[in-house]
Amino acid sequence: MKIYLNGEFVEKEQAKISVYDHGLLYGDGVFEGIRVYDGVIFKLKEHIDRLFDSATSLQIDIQTSKEEISKIVIDTIRINGLQDAYIRLVITRGVGDLGLDPRKCPKPTIFCIAEPMNPLLGEDGIKVITSSIRRLPVDVLNPAVKSLNYLNSILAKIQANYAGCDEAFLLDSEGYVAEGTGDNIFVIKNGKIKTPPVSSSVLKGITRDAVVDLAKEQGYEIVEEKLTLHDLYVADELFITGTAAELANVVEIDGRIINNGEMGEITKKLSKEFKKIRKVMGTKVYE
């Protein structure tokens with residue numbers, strides 16, 4: 001497996017960064033998780049746009065164009081001869097000193113990894129707990145910035161591990177449902193699909209938006225509104241979306257069984273349709 005690192009492709013074992021890199025020292029960087037399906041990189045443009053928006057918000061000068069970054073992703077897939085894979089594109093502020101001052105980092109570190117990976121949480125239905133860890137509010141760290149600081153999610157994931165569950169859901173500072181450790185949440189009740197608004201402590205997910213558009217095209221009513229745990233507990237169907245997780249059905253939350261532990265009809269339909277569009281909505285790697 002070859003990995004792109006600062007202008008060249010190197011073997012996996014040789015892909016190393018400096019211990020003075022601020023991405024390592026301070027989590028000072030941004031990233032995107034991307035999927036390629038059957039040789040088509042799903043919504044590559046949207047991922048690159050979000051990456052640059054995150055970098056702009058943190059004042060990280062990528063020092064190269066969106067087109068060049070897109071080509072790095074495409075070349076990483078090509079050089080490894082992959083058709084289906086998960087891609088991790090990372091840009092840190094770069095090498096500096098042991099202080100915080102970002103001005104000491106003159107050049108960003110850029111690397112891109114691609115390797116085959118099944119849906120992160122499997123496809124058999126997942127069990128979820130509600131974490132006691134709250135999602136960071138927008139005035140602490142805006143969720144629109146997809147940064148390397150994932151400690152908030154990691155702490156919640158640790159709780160899920162101890163509980164013997166697959167995933168943890170986090171509430172926002174007001175007690176409303178925010179998102180999972182790395183995924184967006186959808187509730188179905190009486191045929192209506194609901195999801196938390198991205199204006200709160202919620203990342204505007206690429207897969208999330210694709211499923212929202214898909215649901216509308218299929219004629220389902222879908223609304224963005226604040227949700228409580230009660231809404232999740234009494235849901236007819238419950239699922240999550242994310243690049244790594246794709247579309248995963250939730251069968252249990254905090255001991256409450258959803259839809260008798262089975263995938264609901266609307267979730268089945270959306271999952272089936274998503275698998276169709278993901279191979280055509282994107283950038284072809286091999287012409």
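1. A helix's expected span is 1.5 Å times one less than its number of residues. Helix 4 is a nice place to try this out: with 12 residues, 151-162, helix 4 should span 16 Å, and its end C-alpha atoms lie 17 Å apart, which agrees. Please keep in mind throughout that this is a predicted model.

2. Staying with helix 4, which of its residues are buried? They are N152, S153, A156 and A160. Looking down the helix axis, these buried residues fall within an arc of 90°, so they line one face of helix 4. That buried set packs against strand 7 (126-134) and strand 8 (167-171). On the other side of the helix, L151 and Y162 are exposed. If you follow the backbone onward, G164 comes just after helix 4 and takes a positive phi of about 70°.

3. Strand 13 (residues 237-242) is worth a look next. Six of its six residues are buried, so the strand is largely enclosed by the rest of the structure. In a regular strand, side chains alternate between the two faces of the sheet. Here E237, F239 and T241 point one way, while L238, I240 and G242 point the other way, and all are buried. For the burial call, the cut-off is a relative accessible area under 20%.

4. Now for the partners of strand 13. Strand 10 (residues 184-189) runs antiparallel to strand 13, and five bridges join the two. Within this pairing, F186 has F239 of strand 13 as its bridge partner. Strand 14 (residues 246-253) is also antiparallel to strand 13, joined to it by four bridges. There, T241 stands opposite L247 of strand 14. The connection between strand 13 and strand 14 is a hairpin through three residues.

5. One residue of strand 14 that you may like to inspect is N249. Is N249 buried or exposed? With a relative accessible area of 6%, N249 is buried. Setting aside residues up to four places away in sequence, N249 touches G125, I126, L238, F239, E262, M263 and T267. Two of these contacts, L238 and F239, belong to strand 13, where they point opposite ways.

6. On charged pairs, the structure holds 24 salt bridges. Helix 7 (residues 265-277) contains both E265 and K268, three residues apart, about one turn of the helix. These two form a salt bridge in which the closest N and O atoms are 3.6 Å apart. E265 counts as exposed at 57% relative accessibility, whereas K268 counts as partly exposed at 41%.

7. A further salt bridge in the model joins the side chains of E273 and K269, at 3.4 Å from N to O. Being four residues apart in helix 7, E273 and K269 are separated by about one helical turn. How do the two ends fare for accessibility? E273 is buried, with a relative accessible area of 10%, while K269 is partly exposed at 32%. Elsewhere, salt bridges that share partners join K204, R208, D209 and E224 into one network. Within that network, D209 bridges to K204, with the closest N and O atoms 3.1 Å apart. K204 is partly exposed, with a relative accessible area of 44%.

8. Finally, the nonpolar interior. In soluble globular proteins, nonpolar side chains tend to be buried together. The largest nonpolar core in this model has 26 residues, and the members that touch the most others are I41, I69, I77, I87 and I91. Two or more residues come to this core from each of strand 3 (29-37), helix 2 (44-57), helix 3 (66-79), strand 5 (85-92) and strand 6 (109-115). What does I87 contact, leaving aside its neighbours within four places in sequence? The answer is E32, G33, I34, R35, V36, I41, V73, I77, C112, I113 and A114. Apart from this core lies another, of 18 residues, including V128, V177, V187 and A248.

How values were computed
Residues are numbered from 1 along each chain as its sequence is written. This is a predicted model: local features need pLDDT of at least 70, side-chain atom pairs count only at pLDDT 80 or more; totals for chains, interfaces and linings use all residues. Side-chain values use heavy atoms; hydrogens and water are left out. Buried means under 20% relative accessible area, exposed over 50%, partly exposed in between (1.4 Å probe, protein chains only). The arc is that of the directions from the helix axis to the C-beta atoms. Contact means heavy atoms within 4.5 Å. Two strands pair if DSSP finds at least two bridges between them. A salt bridge is a side-chain nitrogen of Lys or Arg within 4 Å of a carboxyl oxygen of Asp or Glu. A nonpolar core is a set of buried Ala, Val, Leu, Ile, Met, Phe, Trp, Tyr and Cys residues joined through side-chain atoms within 4.5 Å.
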